[in-house]
Amino acid sequence: MSPAAAAATAAHSMTTAAAESHGFLSPTGVEIAFLLVGLVTFGAALVTVTTKQLVHAALWLVVTLGGIAVEYLLLTAEFIAWVQVLIYVGSVVVLLLFGLMLTKAPIGRSPDADSGNRWAALAVAVAAAAALVWVVVDAFRATWIDLGGPAAGSTEATGASLFQNWVLPFEALSVLLLAALVGAIVLSRKAKTEKSSPPVNSRPATGSSPSVPDSRNHPVERNGSVKGTESAEQEGGR
Amino acid sequence: MNDALDVALRLLIVFVVFLTFPLIVGQTEHKVMAHMQGRLGPMYAGGFHGWAQLVADGVKFAQKEDVVPAGADRRIFQLAPAVALLPYLLVLLAIPIGPGEGAVGEVIDAGVFFVLAVMGVGVLGSLMAGWASANKFSLLGGLRTAAQLLAYELPMLLTAASVAMAAGTVSLPGILDAFEWWWLPWQIVGAIVFFVAGLAELQRPPFDMPVADSEIIFGAYTEYTGLRFALFLLAEYAGIIVLCGLTTVLFLGGWHGPWGADGLGWVWTLLKAAVLAFIVIWLRVTYPRLREDQLQRLSWTLLVPLSLAQIALTGIVKVVIQ
């Protein structure tokens, strides 16, 4: 949602001042800060994908997403910035860490964290980045945000443009999320009926020996699968 | 220069509040719990009714050795308490205590989103601690923390959204400016849901499954000693302050009082927050701990539907009175 909304804000409220009044060689303080935060964000993103420690990668992702929130703030898009923190840092990363801890999160390096596809992945990433940058630069070539004036990305401006100019994409996205929500519920219910064997927390009445470790019926894992769906519901609910 | 001084003064005040109020709540908890259980609580430290007990505790914590387990991930283990504590300091900045722009650390346009977003970040501290300790109990505690946050953040957000709908703004001072006394019965369901979900997010009893000391030995904090453990405790009590302040501002009308609020607005805010803090302590003494599945069921089958109903009610009333 945030890229569309950000674009909406930008399109709605950018003052189309003449480009010649803004020189590239005399940056203001905000522009320098924007650049520096951007560099930090980029660095954190690089570490996220290159580090061999899984949980560290998730935590570097926090830095990356937080850096993007700061960039939104510097562009006066306050609402988008806090939503970014709320959803990505507060929920998506927590979900990610939850999944990592449930499955496999060794302390130290994971030898299998290297992928043989890394060069293909790099190519795809560069291509995607190039396409995005090209589109954005091409769309907003001559528009400038007036950082000195009233906040161009305040909650009011964002809401107005979202529900006046961009209602259709907004509604389409909510239908998409609803579909994901329903899908998650259907998947989880099917898994439950298939299982049908003993209830998960049950122990043999003698309680003597859990000698056959049945990973499917391990209480922790079971909790995890249930919660995974719930959090998917939550994401959809937003 | 005057502006800089003003900002510095505000930050200083918020910081002092951040350092003292949690101690006051902590001491109140000692005494209230003790009297509810038919005992006296701390009586000696500092002389008068043991008022300096928490200061003595702090000195004790500072003297303890700071141990990092051999198998732990050192840097993340050491960073975790700061990540758990700092968000609450930031949230405190945005809570208005009286009328006008002078009585809030920093006016934030999207205040409701700011406070909820930043409060959610604090949980990362517990997760980091739980993972980095290299301890099974800690990992279990971290998992439970994450599950609890995911379950209870939704009702909290929905009820806060209901208030924002009623006020027509997401700025905290703006919500208070729009407040009328009849919002109290109108939003009462939302208020209760918000408060309960907030308690769960803070992992306070009866929602303290993630730290359950009798079964997983304080969960994510098992391996912590000394000052770092004290920081986690401080985060819990700062969280109580923040939750009570937020409930006051969003649902109880903050600085509005029945007999005019001229000049005394901050007294009303503090009074309401103090009553809520007392309720938090009262609940701890009264209710047994909820089991993990009961915790999840309470949120998904009770709080979420209730908050959705509250939003529907808010919307209907809002349309009718326009």
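Let me begin with a single residue, A:Thr76, which sits in the loop between α3 (54-74) and α4 (78-103) of chain A. Please keep in mind throughout that what we have on the screen is a predicted model. Although A:Thr76 is not a glycine, its phi is positive, at about 65°. Is this residue buried or exposed? It is buried, because 23 other C-beta atoms lie within 10 Å of A:Thr76, and a residue counts as buried from 20 upward.

Chain B offers another residue of this kind, B:Gln203, which is not a glycine and yet has a positive phi of about 60°. You will find B:Gln203 in the loop between α8 and α9 of chain B, and it counts as buried, since it has 24 C-beta neighbours inside 10 Å. While we are in this part of the chain, please look also at the peptide bond between B:Pro205 and B:Pro206, which is cis, with an omega of about 5°. B:Pro206, too, belongs to the loop between α8 and α9 (213-216) of chain B.

If we go on into helix α9 of chain B, we come to B:Ser214. This residue counts as exposed, because it has 7 C-beta neighbours inside 10 Å, and the limit for exposed is 12 or fewer. From B:Ser214 to B:Ala274 there are 60 residues in sequence, and from C-alpha to C-alpha the two are 29 Å apart in space.

Now let us turn to two helices, one from each chain. Helix α5 of chain A, residues 118-139, has 22 residues, which should span 32 Å at 1.5 Å a residue, and the distance of 31 Å between its end C-alpha atoms agrees with that. How many of the residues of α5(A) are buried? The count is 0, and so this helix is hardly covered.

Helix α12 of chain B, residues 292-321, has 30 residues, and from its first C-alpha to its last it reaches 42 Å, close to the expected 44 Å. There is nevertheless a kink of about 30° in α12(B), located at B:Leu303, shortly before the proline B:Pro305. B:Leu303 is also one of the buried residues of α12(B), which include B:Leu295, B:Val304, B:Ser307 and B:Thr314. What do these buried residues pack against? Their partners are α5 and α8 (188-202) of chain B.

That brings me to the place where the chains meet, with 29 residues of chain B in contact with 28 residues of chain A. On the chain B side, the elements that give two or more residues are α4 (111-132) and α5 (136-167), and α4(B) gives the most, with 11 residues. Sorted by class, this side of chain B has 23 nonpolar, 3 polar and 3 charged residues.

A good residue to follow across to the other chain is A:Val94, which touches, among others, B:Val123, B:Leu124, B:Leu127 and B:Ala146. B:Leu149 and B:Leu150 are touched by A:Val94 as well.

Finally, let us consider the largest nonpolar core, which has 131 residues. A:Val94 is among those with the most contacts inside this core, together with A:Trp82, B:Val91, B:Phe113 and B:Leu116. Which element gives the most to this core? It is α5(B), with 18 residues, and you will remember α5 of chain B as one of the helices against which the buried residues of α12(B) pack.

Methods: Residues are numbered from 1 along each chain as its sequence is written. Chains are lettered from A and ligands numbered from 1 in the order in which they are written. This is a predicted model: local features need pLDDT of at least 70, side-chain atom pairs count only at pLDDT 80 or more; totals for chains, interfaces and linings use all residues. Two residues are in contact if their C-beta atoms, placed from the backbone, lie within 7 Å. Helices (H or I, at least four residues) and strands (E, at least two) are DSSP runs, numbered from the N terminus. Ala, Val, Leu, Ile, Met, Phe, Trp, Tyr, Cys and Pro count as nonpolar, Asp, Glu, Lys and Arg as charged, and the others, Gly among them, as polar. The expected span of a helix is 1.5 Å times one less than its number of residues. The bend at a residue is the angle between axes fitted to the seven residues ending there and the seven starting there. A nonpolar core is a set of buried Ala, Val, Leu, Ile, Met, Phe, Trp, Tyr and Cys residues joined through C-beta atoms within 7 Å. Lists of a residue's contacts leave out its neighbours within four places in sequence.
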